[in-house]
Amino acid sequence: MAESPEARKLVYLVTGGCGFLGEHVVRMLLQREPQLLELRVFDLHLGPWLEELKTGPVQVTAIQGDVTQAHEVAAAVAGAHVVVHTAGLVDVFGRASPETIYEVNVQGTKNVIEACVQTGTRFLVYTSSMEVVGPNIKGHPFYRGNEDTPYEAVHSHPYPRSKAQAEQLVLDANGREVRGGLPLVTCALRPTGIYGEGHQIMRDFYHQGLRLGGRLFRAIPASVEHGRVYVGNVAWMHVLAARELEQRAALMGGQVYFCYDDSPYKSYEDFNMEFLGPCGLRLVESRLLVPYWLLVLLAALNALLQWLLRPLFLYAPLLNPYTLAVASTTFTVSTDKAQRHFGYVPLFSWEDSRTRTIRWVQAVEGSAR
Ligand SMILES: NC(=O)C1=CN([C@@H]2O[C@H](COP(=O)(O)OP(=O)(O)OC[C@H]3O[C@@H](n4cnc5c(N)ncnc54)[C@H](O)[C@@H]3O)[C@@H](O)[C@H]2O)C=CC1
Ligand SMILES: CC(C)CCC[C@@H](C)[C@H]1CC[C@H]2[C@@H]3[C@H](O)CC4=CC(=O)CC[C@]4(C)[C@H]3CC[C@]12C
């Protein structure tokens, strides 16, 4: 329902607003947040698609900036009511150094928190990750767990370590006094593996399948369950959390929420086949040809090659010891905490999510020709 212009009074800032998830959050806010007056989109790299959003009733302000630069963050945050902090360096392939990952994910988050405190912004929603919990390096399964399920979280990799540190900073900041004397209210959302329109790894698997003559080779046993959630539902959860933080500050402040929807529990590869299958790829049962010990060896070899070749060029294949461990360890969530705390129910059914993702892969196929 269209709102009267007077009802529009809120200023939102989305960091990382031009990323895979960030773009969906931006579009969702424009469609579903009737109180929005201005939407600031902050990113290191601004997308050209932002231009088309500037003709609607909400003022869309594109800000090219770096979360590691405190003054740039403070300037963007000043005057915003709500910050949705999705910006992050998502790297489990060894493309960036651990220092850079820390700088963006941890220092960047510190800068966002300090900017809220200094400028008087009271509501902060942080995009965390399931990786904050696990899978851990011991390969312990997390089977349909919830936010209270005990699990030994041990982080050896810079990405999950940085996300865990950043999440803790956000949760600890809940209740801090911001400029003007009122308390900061924060919460963290932990998506499992996100899929949907714009998912780069899905695109990579698709192109790899085309190169291999329409086949992909199964590497992970079908019995390993991997949690997945549709990007539109993750975006919707951010919009709802941001909206409800003020009214339900006592309940939601300092809380973590897994992001979930009705996507089925499957192995990483079987789940991808839900979309790649209808686009003409098939999954070949090759586990007898490529036993697990061989994959472990290949992953270790890739890590060694990455290290040896680093002075010459960046070698960063999908398979490394960390990605193999994540893909081969069951990690699925089953919870209703977000529904209980702020009324979240998925906006997109599984059928809808699947159809939208298939259409997107087919469009990628069309544009690749
Ligand atoms: N993709 C996934 O499956 C999952 C992602 N997440 C989290 O969701 C968030 C978004 O991830 P994606 O959309 O997948 O990644 P993405 O790489 O597509 O988006 C991240 C955005 O942050 C921006 N960014 C990076 N460094 C920046 C900096 N220094 N200053 C300003 N902007 C910067 C990038 O330009 C990009 O637009 C991240 O915080 C990630 O940790 C959490 C769980 C799963
Ligand atoms: C050929 C291999 C055996 C299979 C490789 C698959 C991997 C590239 C991906 C399997 C699981 C993915 C991760 C998982 O979905 C959780 C994630 C959460 C995040 O916050 C960021 C992305 C990711 C780490 C995701 C990355 C790709 C996988 C490791």
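What follows is a walk through the sheet, the helices and one buried residue of this structure, which is a predicted model.

The sheet makes a good starting point. It is open and has 7 strands, lined up in the order E3-E2-E1-E4-E5-E7-E11, and the pairing is parallel. At the two edges sit strand E3 (59-64) and strand E11 (255-259), each of which pairs on one side only. Going from one strand to the next, the twist averages 20°. To zoom in on one pair, strand E2 (residues 36-43) runs parallel to E3 and is joined to E3 by 6 bridges. Within this pair, Arg40 has Thr61 in E3 as its bridge partner.

Some helices lie across these strands. Helix H1 (residues 20-32) lies across strand E1 (10-15), E2, E3, strand E4 (82-85) and strand E5 (123-127), and its direction is at about 170° to E2. Helix H2 (residues 70-77) lies across E1, E2, E3 and E4, this time at about 165° to E2.

Next comes a pair of helices that meet each other. The axes of helix H3 (residues 98-119) and helix H4 (residues 158-173) come within 9 Å and cross at roughly 10°. Angles under 35 degrees count as roughly parallel, so H3 and H4 are roughly parallel to each other. On the H3 side, the residues making the contact include Pro98, Ile101, Tyr102, Asn105 and Ile113, while H4 brings in, among them, Pro158, Tyr159, Ala166, Leu169 and Ala173. Sorted by class, this contact has 11 nonpolar, 4 polar and 2 charged residues. Spacings along a helix are worth a thought here: an α-helix has 3.6 residues a turn, so residues three or four places apart point the same way.

Helix H6 (residues 231-244) allows a quick check with a ruler. At 1.5 Å a residue, its 14 residues should span 20 Å, and the end C-alpha atoms are indeed 20 Å apart, so the two values agree. H6 is also mostly covered, with 13 of its 14 residues buried.

Last up is a single residue, Glu274, which lies in helix H8 (residues 268-276). Its relative accessible area is 16%, and because buried means under 20%, Glu274 counts as buried. Leaving aside residues up to four places away in sequence, Glu274 touches Lys266, Trp350, Arg354 and Ile358. Thr357 shows how the chain can bring distant stretches together: Glu274 and Thr357 are 83 residues apart in sequence, yet 9.4 Å apart in space, C-alpha to C-alpha.

Technical notes: Residues are numbered from 1 along each chain as its sequence is written. Chains are lettered from A and ligands numbered from 1 in the order in which they are written. This is a predicted model: local features need pLDDT of at least 70, side-chain atom pairs count only at pLDDT 80 or more; totals for chains, interfaces and linings use all residues. Side-chain values use heavy atoms; hydrogens and water are left out. Two strands pair if DSSP finds at least two bridges between them. Helices (H or I, at least four residues) and strands (E, at least two) are DSSP runs, numbered from the N terminus. Axes are lines fitted to C-alpha atoms, for helices over the stretch in contact, and angles run from 0 to 180 degrees between N-to-C directions. Contact means heavy atoms within 4.5 Å. The expected span of a helix is 1.5 Å times one less than its number of residues. Buried means under 20% relative accessible area, exposed over 50%, partly exposed in between (1.4 Å probe, protein chains only). Angles under 35 degrees count as roughly parallel, over 145 as roughly antiparallel, 65 to 115 as roughly perpendicular and the rest as oblique. Ala, Val, Leu, Ile, Met, Phe, Trp, Tyr, Cys and Pro count as nonpolar, Asp, Glu, Lys and Arg as charged, and the others, Gly among them, as polar.
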